[in-house]
Amino acid sequence: MTDAAPTRPSLPASPASSPGGDREGQGPRGFVSHVANVGIKDGSLDFSVVASEVPCTSAGCFTQSRFAGASVLISRRNVASGAARAIVTISKNANVATGEQGHRDSEAVVAMVASSLGVPAMDVLVSSTGVIGRLLPMDRVMAHADLLTEGYGPADFDLVAQAIMTTDTVPKTARATVGDATIVGIAKGVGMIEPDMATLLTYFFTDAPIGRDDLSAVFGRVVETTFNSLSIDTDTSTSDTALIFANGLAEPVDLDAFEAALHAVARSLVQQIARDGEGATKLLEVTVDEAADDAQAKRVAKLIVNSPLVKTAVHGCDPNWGRVAMAIGKAQDELDIDPSHTTIRFGGTEVYPRLLDDEDLAKLSEVMAGDEVAIQVSLGIATGSWTVWGCDLSDGYVRINADYTT
C-alpha cells in the first residue's frame with residue numbers, strides 16, 4: 001500500500017450507527033447513509049448520501065463529454081485529494097447545461113451535506129442524473145437540510161441503489177468479500193451509455209485498507225475492462241461518474257485478491273446494466289480474440305455490439321451472422337484483418353466460414369431464443385482479446401426516449 005490519506009476527523013457517531021458498521025446487511029463497516037424524496041420530479045426517492053464515518057481513501061473516473069455537468073466538475077476537483085469520504089446523489093435532474101447558477105447549486109448541495117456530516121466540503125462528492133437543461137428545485141433541496149442532519153443510519157446500499165435510479169426498472173447492487181473485508185457496488189443506468197471513462201453512476205464502498213495510489217491504479221484497471229466495455233446506445237452521458245471509497249476498518253488484504261473481487265463486483269453491475277438497457281430483452285456479450293492486440297480486439301468488439309443491425313437481429317432471434325461480418329468490415333483502418341482468417345461463432349457454434357447443417361441451425365435457434373446471446377469472433381492474427389457487453393434494440397427503446405421529457 002502507498003500514501004495514506006490526509007488526516008480528517010472522524011464523524012460523530014450517529015444514533016443509529018457506529019464505526020463497525022452493519023454486518024447483517026453484508027455491507028462494509030463504517031458507512032452511513034441517508035435516503036429521501038425531496039421533490040425533484042415526483043414522489044419517488046431522489047436524494048441520497050453515503051458517507052464513511054472515518055477518514056478514507058477514494059478514487060474516481062468521469063465522463064470525457066465536453067458538456068460535462070456541474071456535479072462532474074465539482075467531484076473531479078474534490079476527489080483529486082484522494083481523501084473524499086461521502087457522495088450525495090440527486091436523481092431525476094442532471095443539472096447539466098445550466099450555467100453558473102447550476103454550478104452554484106451543486107456547490108450548495110455539497111456544502112449542505114458537508115455541514116450535516118461535520119466535514120470539509122472538499123470531502124464530499126456530488127452526482128446528478130436525469131433531464132438535461134433544467135435547474136435544480138433548490139428551495140425543495142435546501143428545505144431538507146434539517147432532516148438530513150438527524151437522518152443518518154447504518155448504510156442501506158440497496159435503498160441507495162433505488163434512490164439513484166431514473167429510467168432503470170430495477171436497482172443494481174453487487175457484493176463480494178476478500179479476506180476480512182467486504183466490497184459493495186451500486187449502479188444506475190439503462191441508456192445514454194457508451195462511455196469514455198466509466199459510465200452512468202456507479203459507486204463502490206469497502207472497508208479494505210487500500211492506499212490512495214494503489215486504489216486509483218486498481219480502480220482504473222477495473223473500470224477499463226468492465227464499465228469501459230459496456231454500450232447500450234453509443235451515446236456518452238454528460239454525467240458519467242464512477243467512484244470508490246475505502247475506509248480501512250477491515251484487516252489488511254492481498255491487493256491482487258482485492259482487485260479480483262472488485263472486478264467481479266463491477267462485472268456483475270455491468271451485466272445488470274446491459275440486461276436492463278432501455279427497452280432491452282436480451283443481454284449481448286461479444287468477445288473478440290486472436291486480434292493483433294487487446295486494443296484492436298476492443299475496437300472490433302465495440303463495432304459489433306454497437307451495430308443497430310446486429311442488435312435488432314438479436315432482438316428478433318435471427319442468427320444473421322452476415323450482420324456481424326458487416327460490422328467487422330467497418331474496421332477499415334485495421335488492414336491486418338483478413339476474412340479468410342476470421343471465424344464467427346454464435347453461442348459456440350461456428351457460423352462462418354463453415355457452412356451450417358440442420359443440427360447447427362437447431363443449436364442456433366436455441367442460442368438466439370435465450371435471454372443471453374454470446375457472439376465470438378476470432379481474427380486469426382495474434383493473441384489480443386477483449387469482451388464487451390450490450391443489449392438488443394427494441395421498439396421499447398424508441399418509445400422510452402421519444403417520450404422522455406413529455
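Okay, let's start right inside the fold: Val 288 has a bridge partner in strand 14, and that partner is Val 377. Before I go on, remember that what you see here is a predicted model.

So where does that bridge belong? Strand 11 and strand 14 pair in the parallel sense, over seven bridges. On its other side, strand 14, residues 372-378, pairs with strand 12, residues 343-346, and this time the sense is antiparallel, with four bridges. You can pick out some of the residue pairs by eye. Phe 346 has Ile 375 of strand 14 as its bridge partner, and Thr 343 stands opposite Ser 378, again in strand 14. If you're new to this, strands of a sheet pair through backbone hydrogen bonds, and they can do that parallel or antiparallel.

Now zoom out a bit. How many strands does this open sheet have, and in what order? There are five, in the order 13-12-14-11-15, and the pairing is mixed. The edges are strand 13, at 349-352, and strand 15, at 384-391, each of which pairs on one side only. On average, neighbouring strands here are turned by 20 degrees against each other, ignoring direction.

What packs on the sheet? Helix 8, residues 294-305, does, and it touches strand 11, strand 14 and strand 15. Its direction makes about 25 degrees with that of strand 15. Then there's helix 10, residues 321-329, lying across strand 12, strand 13 and strand 14. Helix 10 runs at about 135 degrees to strand 12.

Okay, the whole protein. We've got twelve helices and 15 strands. The C-alpha atoms fill a box of roughly 70 × 50 × 40 Å along the principal axes. Is the overall size what you'd get from a compact globule, or something else? With 406 residues, such a globule would have a radius of gyration near 22 Å, and the protein has 22 Å, so the two agree. Buried residues make up 54% of the 406. And if you take the contacts with a separation of 6 or more, 80% of them come from residues 24 or more positions apart.

Let's talk cysteines. How many disulfides does a search of the whole structure find? Zero. Take Cys 61: the nearest cysteine sulfur is that of Cys 56, 16 Å away, while a disulfide needs the sulfurs within 2.5 Å. Cys 61 has 18% relative accessibility, and the cut-off for buried is under 20%, so Cys 61 counts as buried. Cys 391 is in no disulfide either, with the sulfur of Cys 317 as its nearest, 14 Å away. Cys 391 has a relative accessible area of 1%, so it is buried as well.

Last thing: how far should we trust all this? The mean pLDDT of the protein is 89, and 92% of the residues reach 70 or more. Which elements sit at the two ends of the scale? Strand 2, residues 47-52, has the highest mean pLDDT, 98, and helix 12, residues 395-402, has the lowest, 76. Over residues 1-9, though, the pLDDT is below 50, and this stretch has 28 contacts in the model beyond near neighbours in sequence. Residues 12-24 are also below 50, and that stretch has 28 such contacts too. Where pLDDT is low, you shouldn't read the predicted coordinates in detail.

That's my tour, thanks!

Methods. Residues are numbered from 1 along each chain as its sequence is written. This is a predicted model: local features need pLDDT of at least 70, side-chain atom pairs count only at pLDDT 80 or more; totals for chains, interfaces and linings use all residues. Side-chain values use heavy atoms; hydrogens and water are left out. Two strands pair if DSSP finds at least two bridges between them. Helices (H or I, at least four residues) and strands (E, at least two) are DSSP runs, numbered from the N terminus. Axes are lines fitted to C-alpha atoms, for helices over the stretch in contact, and angles run from 0 to 180 degrees between N-to-C directions. Contact means heavy atoms within 4.5 Å. pLDDT is the predictor's confidence in each residue, from 0 to 100. Buried means under 20% relative accessible area, exposed over 50%, partly exposed in between (1.4 Å probe, protein chains only). The radius of gyration is taken over C-alpha atoms; the globule rule is 2.2 Å times the number of residues to the power 0.38.
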